[in-house]
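Student: I have a structure open and some time to go through it. Can you take me around?
Tutor: Yes, go ahead and show it.

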Amino acid sequence: TLIDLKTAALTGRGILQSWSFDYIVVGGGTAGLTVARRLSQNASKKVLVLEAGRSGVGDPLVTIPQNSYSFLGTDIDWLYSTTPQTNAAGQRINLSSGKVLGGDSAVNGLVWVRGPTKEYDAIQDLGNPGWNWKTFSKAMRKAEKLNVPRQELVDEFGFTVKPTSLGSRGPVDVSFPAFLPLQHQKFINASVQLGHRFNEDPYNGNNEGVFYSLSSQTSRAVRETSEFAYLDPVLNRTNLIVFSHAVVTQLKLVTAGTNRYSSTGVWVRFPDGSVTFARANIAGGEVILAAGTIRTPQLLELSGIGDKNILKPLGISVKVDLPGVGTNYEDHTLTILTYKLKEPYLSFDAFGYVPGLKEEQQELYKQGKGWLTFANSVLNMAPLDRILNVTERRVAKTILETKPPTISNPLFKSIKGDIFSGVPQVEYLLFNSFSGGTVKEANRSYVSMAIQHLHPLSRGSIHINTTSIDDHPLINPNLLESEWDKWFLAKTTAYGRRFFQTPAFQEIFEQEEIFPGPNVTTDAQWEQFIKDTVGAGYHSVGTASLLPKAQNGVVDTKLKVYGSTNIRVVDLSVLPLLLSAHTQPAAYAIGEMAADILKAVW
Ligand SMILES: Cc1cc2nc3c(=O)[nH]c(=O)nc-3n(C[C@H](O)[C@H](O)[C@H](O)COP(=O)(O)OP(=O)(O)OC[C@H]3O[C@@H](n4cnc5c(N)ncnc54)[C@H](O)[C@@H]3O)c2cc1C
């Protein structure tokens, strides 16, 4: 049952006053709704989901794939930005995130991709038995339902996929879009011409090379979110109560023996500002945090779980002194090159100057066809050898002899071990519009290439600096702090130019680079360029890491917060290391795995 507290506060308050819950899920985002659906399949278990945002049902901002970044600045955006980044020219970097049922799955770029086996196994090797490729891939398959592309789409665009590598019965439909821009088709050729491998089966534990990537959308081109995929089909369950416009302000903790705390429930703020308590069942009730990488550490700290040196000065009574909370924060770093298409080729920029094009495409979309079905669908995941020459590889080795200051020894060792062993280190992808630069002609079409560093070594933090839930925590990804991150991103960004010098791209792109432009040529200029323009990949992880406590971990292998008896974290804040992949499949997988852990005691 979905109850919007904006319109049904009385009903909501009544339920909270008379019920206690077996599971209280804080945050109805990607992982939160996954775990809620699985746990509510047992009709004797009462499940409550508390989501700060509204529903995304029927909202074209959410449903239409091509609108994926249009939520920026709207009512479904948390409007985060980082603290000034000292190693990136003082930039405050945008980190918009979905404040809506479905969370980031309702606003993201729809890319659906997995990393290679080694990266999931590395999570286990850090001291987390049971968290490996085998368990992650099983959970990702459980979440997904592949729609094999229709023959006409295969014929037109060349899509390839190996159906046995993906799930076929999960809630989240994954499909190829019904349209692939010419420039994305050419990106496959350009990559191959540069010596990159074409990968026909990137979902089975080896994602190296250039490939057609799936998109989290139905075969009718409606975006899949965790709300549409996991929640909507089970809305009639009376033991599952979902509140929208419900802001959780704090967890209530009581002592449960020496050095241990239990949560008896959470405080919920209603849209009118009033606060009501949601009670966890005394017998075995669990509080499940799924508020995402930015808000989960905030809630832990506001509730007295975190580093005492941060909590005490704010007057917060320290329940569990857990210094790992809010640390090990990591995001992919991203830079952009922009080129102009030759006439008459078009990108989405043409919506702004070709009369009638938008209307024509809106009509086509009603039949599940055309440009609006497309968000992104070709990726190139490249290992180091593909990008760096012999001399550069030698320099890379020298830089990597020194551990950067903010990453722990085990994490550094783990990543470093993979850098020279064929694991993708950089991703190239195209944005089908002008996405970086200042000089834009009004009636021409542009395409930007994004360059994403997949395994940065800099680590940042997310901590509160006030006791109010309404103040965003200080979000400091510490981008480009490590020498490796700066050097490698500069090298891989410079390499991006080479795609535009291939015959495949020369056919359709003007030769002159628009951004950063031909004046950037030396190593020093590239480094300055990336410092001035680096962005985040919107793939934040790690602030409540799944790691042994002695390694600054926050949750154990059952996702239970150290020092607590019944508080779990199930969102991406538990992921201790980023993958060579965009992060939504991992969020669904962690939700699935969390549900299995909790169901095991039924
Ligand atoms: C712009 C953008 C583009 C992206 N593109 C891609 C992509 O193309 N492919 C991909 O794989 N990944 C992508 N990602 C990343 C991916 O979507 C996320 O990493 C993933 O969905 C996060 O899942 P989560 O469950 O950890 O958090 P979320 O899905 O963000 O869920 C957290 C939920 O908690 C709610 N919440 C927070 N605080 C409170 C509170 N106090 N009370 C109540 N509710 C609260 C939030 O409103 C939200 O609904 C993108 C992300 C963004 C932002």
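**A walk through the model**

Tutor: Start with V100, which lies in the loop between helix 3 (60-63) and strand 5 (111-112). Helices (H or I, at least four residues) and strands (E, at least two) are DSSP runs, numbered from the N terminus. This is a predicted model: local features need pLDDT of at least 70, side-chain atom pairs count only at pLDDT 80 or more, and totals for chains, interfaces and linings use all residues. Residues are numbered from 1 along each chain as its sequence is written.

Student: Is V100 buried or exposed?

Tutor: V100 counts as buried, because it has 30 C-beta neighbours inside 10 Å. A residue is buried if 20 or more other C-beta atoms lie within 10 Å of its own, exposed if 12 or fewer, and partly exposed in between, with C-beta atoms placed from the backbone.

Student: And what does V100 touch?

Tutor: Leaving out residues up to four places away in sequence, V100 touches G53, R54, G56, V62, I76 and A106. Two residues are in contact if their C-beta atoms, placed from the backbone, lie within 7 Å.

Student: Why start with that one?

Tutor: V100 is on a UniProt list for "binding site", in an unreviewed entry, together with N108, G109, L110, V111 and V248. UniProt positions are given in the numbering used here, feature names are shortened, and annotations may be inferred rather than shown by experiment.

Student: Do the listed residues gather at one spot or not?

Tutor: They do not all gather at one spot, because the farthest two C-alpha atoms are 29.7 Å apart. In sequence they span 149 residues.

Student: Where is N108, then?

Tutor: N108 is also placed in the loop between helix 3 and strand 5. N108 counts as buried, with 25 C-beta neighbours inside 10 Å. Not counting residues up to four places away in sequence, N108 touches S68 and Q584.

Student: Which residues come nearest to the ligand?

Tutor: Of the 41 residues around the ligand, G27, G29, G103, N108 and G109 come nearest. A residue is near a molecule if its C-beta atom, placed from the backbone, lies within 6 Å of it. Helix 2 (30-39), strand 11 (247-255), helix 9 (292-302) and helix 18 (584-599) are the elements that give two or more residues to this shell.

Student: Which helix gives the most to the shell?

Tutor: Helix 9 does, with four residues.

Student: How many of the shell residues are charged?

Tutor: Five are charged, while 17 are nonpolar and 19 are polar. Here Ala, Val, Leu, Ile, Met, Phe, Trp, Tyr, Cys and Pro count as nonpolar, Asp, Glu, Lys and Arg as charged, and the others, Gly among them, as polar.

Student: New topic. Which residues are listed for "active site"?

Tutor: UniProt lists H539 and H582, again in an unreviewed entry. They span 44 residues in sequence, yet their C-alpha atoms are no more than 6.7 Å apart, so they gather at one spot.

Student: Where does each one sit?

Tutor: H539 is in the loop between strand 24 (535-536) and strand 25 (567-569). H582 lies in the loop between strand 25 and helix 18. H539 is buried, with 23 other C-beta atoms within 10 Å, and H582 is buried with 26.

Student: What do they touch?

Tutor: Not counting residues up to four places away in sequence, H539 touches D331, H332, L578, H582 and T583. By the same count, H582 touches V111, V113 and H539. V111 was on the "binding site" list as well.

Student: What about the backbone?

Tutor: Most residues other than glycine have a negative phi, and most peptide bonds are trans. N328 has a positive phi of about 55° although it is not a glycine, and L480 has one of about 65°. N328 is buried, with 28 other C-beta atoms within 10 Å.

Student: Which residues does a cis peptide bond join?

Tutor: One joins E343 and P344, with omega about 10°. Another joins F515 and P516, with omega about 5°. P516 is in the loop between strand 23 (509-515) and helix 17 (523-533).
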